Amino acid sequence: AALNPWDVMLCVSGTAIACENALVVAIICYSPALRTPMFVLVGSLATADLLAGLGLILNFVFQYVIRSETVSLLTVGFLVASFAASVSSLLAITVDRYLSLYNALTYYSERTVLCVHTMLAGAWGVSLCLGLLPVLGWNCLHDRAACSVVRPLTKSNVTLLSASFFLIFLIMLHLYIEICKIVCRHAHQIALQQHFLTASHYVATKKGVSTLAIILGTFGASWLPFAIYCVVGDPGYPSVYTYATLLPATYNSMINPIIYAYRNQEIQRSMWVLFCGCFQAKVSFRSRSPSDV
């Protein structure tokens, strides 16, 4: 079959996603200092995005090399599970950031480690179940009328996925609003203690709120168009609409390493160590709060 330019762009996007996140996973696995709960969550996000990138590559290969309904189901299920794990990991990171500020005194405890592992187990377990649904029979291979804008997923399947995304987005929005309130309250308390709000505190507060807005805005701008189109779209519409909303959604997995990993000083230092063994950091690693990531 002739190459579809949209499929080529998805494959290129998947390659970039896989390379970026493979580096993050390698850095976290390579550096013993990056074993705190905060970096475990970042590693989970990078792993999910890495699998999503590989899924996009495999989907392209199997679509033009091995044309099989069974393989199509497997690759679609793999992509659903990977992207679901990515979105769930973003939610887990948001919850961790909120807890690190709300329970700052008790955050560095065994309870936090247990909470992080529980969140990850639940996130990956639910994601795996969502990915298995089309493989176990919730597909439209034998009922074309039930197909959604994403074949071979059914309309009810993509509705469930979209509803899950909307719920996660609302939870993240609520938590980030609460985080902004906590940050502003801390700045106000500092101002009361020092009788005025210094320029550095104002800049830090403004930067923190702006960063949270960028994180949530990037997430929403990437996924909301595709989630909305899955609900309102019709399988009879031109496939270009599906591609045009799906491609920006994949960009979220491309941007995640930049937002959550490469901006972090510990990961930057570990990257230098990984690529240049002769480099010795003069400043030792220190455990940072998730709100700094």
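Welcome: a good place to start is Cys-147, which is buried, with a relative accessible area of 3%. Please keep in mind that this is a predicted model. From that cysteine we can move to its disulfide partner, then to the annotated membrane spans, the aromatic rings, a nonpolar patch on the surface, and a few single spots in the chain.

**The disulfide and other cysteines**

- Cys-147 is joined by a disulfide to Cys-140, with the sulfur atoms 2.0 Å apart.
- The structure holds one disulfide.
- The link of Cys-140 and Cys-147 is right-handed, with 95 degrees about the S-S bond.
- Is Cys-140 buried or exposed? Cys-140 is buried, since its relative accessible area of 0% falls under the 20% that sets the limit for this class.
- Cys-29, in contrast, is exposed, with a relative accessible area of 54%.
- Cys-115 is partly exposed, and its relative accessible area is 28%.

**Annotated transmembrane regions**

- An unreviewed UniProt entry places the feature "transmembrane region" at residues 6–31, 38–66, 72–93, 114–138, 158–177, 209–228 and 240–262.
- In the model, the span of residues 6–31 is 96% helix and 0% strand, and its end C-alpha atoms lie 38 Å apart.
- For residues 114–138 the chain is 88% helix and 0% strand, with 34 Å between the end C-alpha atoms.

**Aromatic rings**

- A pair of aromatic rings is described by the distance of the centres and the angle of the planes.
- With ring centres counted as paired within 6.5 Å, the model has 12 aromatic pairs.
- Take the rings of Phe-165 and Phe-169: their centres are 6.1 Å apart and their planes meet at 25 degrees, so the pair is stacked.
- The cut-off behind that label is an angle under 30 degrees between the planes.
- Phe-165 and Phe-169 are four residues apart in helix 5, so about one helical turn separates them.
- Phe-165 is buried, with a relative accessible area of 7%.
- Phe-169 also counts as buried, at 15% relative accessibility.
- Which residues form one aromatic cluster? The members are Phe-83, Phe-165, Phe-166, Phe-169, Phe-219, Trp-223 and Phe-226.

**A nonpolar patch on the surface**

- Leu-74, Leu-128, Leu-132, Val-135 and Leu-136 make a nonpolar surface patch of about 470 Å².
- Which helix gives the most to the nonpolar patch? Helix 4, which covers residues 110–135, does so with three residues.
- Val-135 is a member of the patch and lies in helix 4.
- Val-135 is partly exposed, with a relative accessible area of 33%, so it passes the 30% that patch residues must exceed.

**Other spots to look at**

- Arg-151 and Pro-152 are joined by a cis peptide bond, with omega at about 5 degrees.
- Where is Pro-152? Pro-152 sits in the loop between helix 4 and helix 5, the latter running over 155–194.
- Ala-221 lies in helix 6, which spans residues 199–232.
- Ala-221 is exposed, because its relative accessible area is 54% and the limit for this class is over 50%.
- Ala-221 and Asn-252 are 31 residues apart along the chain, and their C-alpha atoms are separated by 8.8 Å.

Key: Residues numbered from 1 in each chain as written. Predicted model: local features only at pLDDT ≥ 70, side-chain atom pairs only at ≥ 80, totals over all residues. Heavy atoms only, no water. Patch = residues over 30% accessible without salt bridge, like charges linked within 9 Å, V, L, I, M, F, W, Y side chains within 5 Å. Areas by Shrake-Rupley, 256 points an atom, 1.4 Å probe, with all protein chains shown as cover. Salt bridge = Lys/Arg side-chain N within 4 Å of Asp/Glu carboxyl O. Helix = DSSP H or I, 4+ residues; strand = E, 2+ residues; numbered from the N terminus. Buried < 20%, exposed > 50% of the residue type's maximum accessible area, 1.4 Å probe, protein only. Phe/Tyr/Trp six-rings, centres within 6.5 Å; stacked < 30°, edge-to-face > 60°. UniProt positions renumbered as here; feature names shortened; annotations may be inferred. Disulfide = S-S within 2.5 Å.
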